[in-house]
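Work through the exercises below with the structure open. Each task is followed by a stepwise solution.

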Amino acid sequence: IGNSAFSDCSGLTELTLPNSVTSIGDCAFEGCTGLIKLTLPSSVTSIGNSAFSDCSGLTELTLPNSVTSIGDGAFHGCSGLTELILPNSVTSIGWSAFEGCSGLTELTLPNSITSIGYSAFGGCSGLTELTLPNSVTSIRNNAFGGCTGLEKITSLAGIPPVCDSEVFDGVNKTNCELIVPEGSVAAYTRAEGWNKFSNIRGFSE
């Protein structure tokens, strides 16, 4: 599906793509505000930059196990999105990919993701719980900036992921609980970005 193919088709409510589609271009469905449900076929491997940006009516999204990359701003401003299931095939989340998805309440990332892009979940103010898999090694600037509702973060990584500046800008680091592997509590209390949390506790693996 080419770049901007269905951009601003605000009357579109439902979309079913055939199994022949392998890639969704940049801005392909940008501004399709009436789109409520999206089912992508298992043939899709890549979602372009801003592909579904500002699809504010989208409430449910399930990506197939074939998707490996989510482009920059792919679902930026999808404020109606309450549930997000990312498959184990996804290895990277682009810059601002889910920025402004304020309706998201809980997020568990698959064990395939190694890096989380700049502002990837910035402004997801409805997010209360976050689970980071042990595969994550780096988190870019402001990835969870403005996630003011976060009450609990679980990081499964034994070695604290490298954080750029202000990864958790706006998160209440006094009240938000940070749960990490029991043997790694000391490492997190020393690590840049993580050491600002005052409530760090360990769990038995």
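**Exercise 1. Salt bridges**

Find the partner of D164 and say which parts of the chain the pair ties together.

*Solution.* Step 1: the side chains of D164 and R140 form a salt bridge, with 2.6 Å from N to O. The term requires a side-chain nitrogen of Lys or Arg within 4 Å of a carboxyl oxygen of Asp or Glu.

Step 2: place both residues. D164 sits in the loop between β14 (162–163) and β15, and R140 in the loop between β12 (138–139) and β13, so the contact ties together parts 24 residues apart in sequence. Strands are DSSP runs (E, at least two residues), numbered from the N terminus.

Step 3: check accessibility. D164 is partly exposed at 27% relative accessibility. R140 is partly exposed too, at 35%. Buried means under 20% relative accessible area, exposed over 50%, and partly exposed in between (1.4 Å probe, protein chains only).

Before going on, note the basis. This is a predicted model: local features need pLDDT of at least 70, side-chain atom pairs count only at pLDDT 80 or more, and totals for chains, interfaces and linings use all residues. Residues are numbered from 1 along each chain as its sequence is written, and side-chain values use heavy atoms, with hydrogens and water left out.

Step 4: count. The whole structure holds 2 salt bridges. The side chains of R201 and E177 also meet in one, at 2.5 Å from N to O. R201 lies in strand β16 and E177 in strand β15, so this pair ties together parts 24 residues apart in sequence. R201 is partly exposed, with a relative accessible area of 38%.

**Exercise 2. The sheet**

Give the strand order of the open sheet of 5 strands, then name its edges.

*Solution.* Step 1: the order is β9-β11-β13-β15-β16, and the pairing is parallel. Two strands pair if DSSP finds at least two bridges between them.

Step 2: the edges are β9 (106–108) and β16 (200–203), each pairing on one side only.

Step 3: neighbouring strands are turned by 15° against each other on average, direction ignored. Axes are lines fitted to C-alpha atoms, for helices over the stretch in contact; angles run from 0 to 180 degrees between N-to-C directions.

Step 4: go through the register. Strand β11 (residues 129–132) and β13 run parallel, joined by 4 bridges. L132 has S155 of β13 as its bridge partner. Strand β13 (residues 152–155) is joined to β15 (residues 177–181) by 3 bridges, again in parallel. Here T154 stands opposite I179 in β15. K152 faces E177 of β15.

**Exercise 3. Aromatic pairs**

How many aromatic pairs does the whole structure hold? Classify F121 with F144, then Y188 with W194.

*Solution.* Step 1: the search finds 11 aromatic pairs. Rings of Phe, Tyr and Trp (its six-membered ring) pair if their centres lie within 6.5 Å; planes under 30 degrees apart are stacked, over 60 edge-to-face, and the rest tilted.

Step 2: F121 and F144 are stacked, at 5.5 Å centre to centre and 5° between the planes. The pair links distant parts of the chain, 23 residues apart: F121 in the loop between β10 (115–116) and β11, F144 in the loop between β12 and β13. Both F121 and F144 are buried.

Step 3: Y188 and W194 are edge-to-face, at 5.3 Å centre to centre and 75° between the planes. Y188 is buried at 0% relative accessible area. W194 is buried as well, at 0%.

Step 4: one aromatic cluster includes F121, F144, Y188 and W194. Its other members are F6, F29, F52, F75, F98, F168 and F197.
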